[in-house]
Amino acid sequence: MRISPLLQLIVFLMTVEHISLYRRKFRRAHLEAKKLNMFKSNGKSAIINAFSPQQIHISYGKSPADIVILWATRIKEPKMEVQYNADPRMKYISVVGEQIEFANAGVKSAKFWHRAYITNLKPGEKYFYRIFSKQNGAISEVSYFTVPPTKVNVVHSYMVLADMGTRTINLPFIVQEAINKRYTAVFHIGDIAYDLQHEKGLVGDKYLNSIQPMASKIPYMVSPGDHELGSDFQEYCTRFSMPNLGWPMKADKLWYSFDVGAAHFISLNTEVFFSHKKRKNPQLEWLKKDLQTVNSKRNNRPWVIVLGHRPLYSSCDNRKDCLNETATMQKELEDLFFRNGVDLYIGGHYHNYERSWPVYKQKVIFSHYKNPKAPVYITVGTLGSIYLNEKINKPNGVWSAKRISDGIENYGTLDVINATHLKWRVFAAQNNKKLDLVWIIQHHPRRFGDPKEYLTFKQKPPRAPLPPEPNLEYKKHDEKYMYFRSYRPNFHRKGMLYKEAGLIIALMTVCSFAVLLCVFYKKLWRRARF
């Protein structure tokens, strides 16, 4: 059977178009790979042995313009350094890391921890780095990080996690998602690895190695939870370094704050309200001063967002201590948050998802999120469902606006759009299905008032619809690049398929018309000849 020339031409053009699309999908990855080869080889191959750096992760220093890099080794290596640069054509800069020995480490776990502190980085700049030892040639793969811009109206996106450990089913998907979206930072609000100290540190080693592809590129900001209490937070204090806390961190001061763009972030150690209560007052005094400072410059940092492991509001009804714990948290923090105009509090601890209306003292101040006059409370602890699935059979009060307790693992994303708009979303970790979305709009950032004024508030305000999503233009990620980099089949976008199919049909039409035109002129030429 002979194939017509027209059909051959059509098949050929479709093949060329398919190859062209394939090349475009991989072009960005190739460019990224070229940048990662910016360091010239010194003739020594990477040594995979006890000296090799592992569990590499980064965090912010005193400010987001300072980056802290941490890693571990099994054998003492005092002269390891970080080599970094933003320009592939320039010689790298070296920073020698400091090292400590972790006394509680097991025989098979990493015993030595290292930290390098990099300062005076340019906001918005992308830097490449590697960890290197001159003594034995041990070397890490080249990784990178991006310093966040300082402008207020630049969009900053954050991934929010809680209660995630090595048994979390979708841990690889979470890591890949963070790499694809290139978040400004990842917040893990307590209960890390379940638990860092288990099996003499092997569980902590396994967890930090699992998240290294994400945490070595995106600042991994953590808050302590009840599962970090072992040995008085010793594992937590050694494995992480948070802003203005030194290293290793001190167990009696595990709270900090920092600014990025339009937001002021505060991380609390909520365990001081239940254990080690002598540390409660120092944290509360620090928190009062920190909130007073940010309110004195509220025009520069309009959003105040607090992160802590234990929630203030929760509807979980299968725990006997749930009501007692939330009541304690409300007693210690709710007046302080209300008086100082905290916009959002995000916690974990309970393995479900719940979002409140703007609420104070169990009373709904507004049943919408446009210029709310009370904090909004969110619990996002579903990544711990595999350890204990905590269902919500009935809400505790009218303050509960959204509840999910089906045991599906999900994560949150927080987009600080500008000085007046926050966007909060929740996605199922397995298939990236959107489960919740809300805009918090605040045109008048300020303290909400004296708590005593609301003690006589008895009537619930009239229910109003949620404010519409604003028509804002902000940076969007390259969807084709996201599709290529992710191994999830659901990342394919229908819009991409329609666009490619339309292009192929258009090319086929043009080629068919050209072939017919050639045949027509060939017949005319034959008639003219004979």
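How much area does the chain expose, and what share of it do carbon and sulfur atoms supply? In this predicted model, the chain exposes about 25600 Å², and carbon and sulfur atoms supply 55% of that area. The chain has 530 residues, of which 51% count as buried, and its secondary structure comprises nine helices and 23 strands. Among the contacts with a separation of 6 or more, 72% are accounted for by residues 24 or more positions apart.

Helix α2, which spans residues 171-181, is mostly covered, with nine of its 11 residues buried. The buried residues of α2 are Leu 171, Ile 174, Val 175, Gln 176, Glu 177, Ala 178, Ile 179, Asn 180 and Lys 181, a list in which Gln 176, Glu 177, Asn 180 and Lys 181 stand beside residues such as Ile 174 and Val 175. Just after α2, Arg 182 takes a positive phi of about 55°.

The packing of two further helices can be described in some detail. Two packed helices are described by the angle between their axes and the distance between the axes. For helix α6 (residues 280-296) and helix α7 (residues 322-339), the axes come within 11 Å and cross at roughly 10°. Because angles under 35 degrees count as roughly parallel, α6 is described as roughly parallel to α7. On the α6 side, the residues that meet α7 are Lys 280, Leu 284, Leu 287, Lys 288 and Leu 291, and their counterparts in α7 are Glu 332, Leu 333, Leu 336 and Phe 337. An α-helix has 3.6 residues a turn, so residues three or four places apart point the same way.

Leu 284, placed in helix α6, illustrates this pairing at the level of a single residue. With a relative accessible area of 11%, Leu 284 is buried, because the term buried applies under 20% relative accessible area. When its neighbours within four places in sequence are left aside, Leu 284 is in contact with Phe 273, Glu 332 and Leu 333. Leu 284 and Leu 336 are 52 residues apart in sequence, yet their C-alpha atoms are 9.1 Å apart in space.

Side chains of opposite charge can pair when their charged atoms come close, and the structure holds 15 salt bridges. One of these salt bridges is formed by Asp 205 with Arg 239, whose closest N and O atoms are 3.0 Å apart. Asp 205 lies in helix α3 (residues 202-210) and Arg 239 in helix α5, so this pair ties together parts that are 34 residues apart in sequence. Both partners are covered: Asp 205 is buried, with a relative accessible area of 6%, and Arg 239 counts as buried at 2% relative accessibility. Asp 205 and Arg 239 also belong, with Glu 235, to a network of salt bridges.

A salt bridge likewise joins the side chains of Arg 310 and Glu 271, at 2.6 Å from N to O. This pair links distant parts of the chain, 39 residues apart, with Arg 310 in the loop between β14 (303-307) and α7, and Glu 271 in the loop between β13 (263-267) and α6. Arg 310 and Glu 271 are both buried. The side chains of Asp 335 and Lys 361 meet in a further salt bridge, at 3.5 Å from N to O. Here Asp 335 lies in helix α7 and Lys 361 in the loop between β17 (359-360) and β18 (363-364), so the pair ties together parts that are 26 residues apart in sequence. Asp 335 counts as partly exposed at 26% relative accessibility, and Lys 361 is partly exposed as well, with a relative accessible area of 34%.

Gly 246 is found in the loop between α5 (234-239) and β12 (256-260), where Gly 246 is partly exposed, with a relative accessible area of 37%. Residues up to four places away in sequence not being counted, Gly 246 touches Arg 115 and Ser 241. From C-alpha to C-alpha, Gly 246 and Lys 62 are 9.7 Å apart in space, although 184 residues apart in sequence.

At the surface, Phe 513, Leu 517, Phe 520 and Tyr 521 make a nonpolar patch of about 450 Å². Of these residues, Phe 520 lies in helix α9 (residues 494-529) and counts as partly exposed, at 47% relative accessibility.

Notes: Residues are numbered from 1 along each chain as its sequence is written. This is a predicted model: local features need pLDDT of at least 70, side-chain atom pairs count only at pLDDT 80 or more; totals for chains, interfaces and linings use all residues. Side-chain values use heavy atoms; hydrogens and water are left out. Patches are made of residues with over 30% relative accessible area and no salt bridge: like charges are joined within 9 Å, nonpolar side chains (Val, Leu, Ile, Met, Phe, Trp, Tyr) within 5 Å. Accessible areas come from the Shrake-Rupley method with a 1.4 Å probe; for residues, only the protein chains shown count as cover. A salt bridge is a side-chain nitrogen of Lys or Arg within 4 Å of a carboxyl oxygen of Asp or Glu. Helices (H or I, at least four residues) and strands (E, at least two) are DSSP runs, numbered from the N terminus. Buried means under 20% relative accessible area, exposed over 50%, partly exposed in between (1.4 Å probe, protein chains only). Axes are lines fitted to C-alpha atoms, for helices over the stretch in contact, and angles run from 0 to 180 degrees between N-to-C directions. Angles under 35 degrees count as roughly parallel, over 145 as roughly antiparallel, 65 to 115 as roughly perpendicular and the rest as oblique. Contact means heavy atoms within 4.5 Å.
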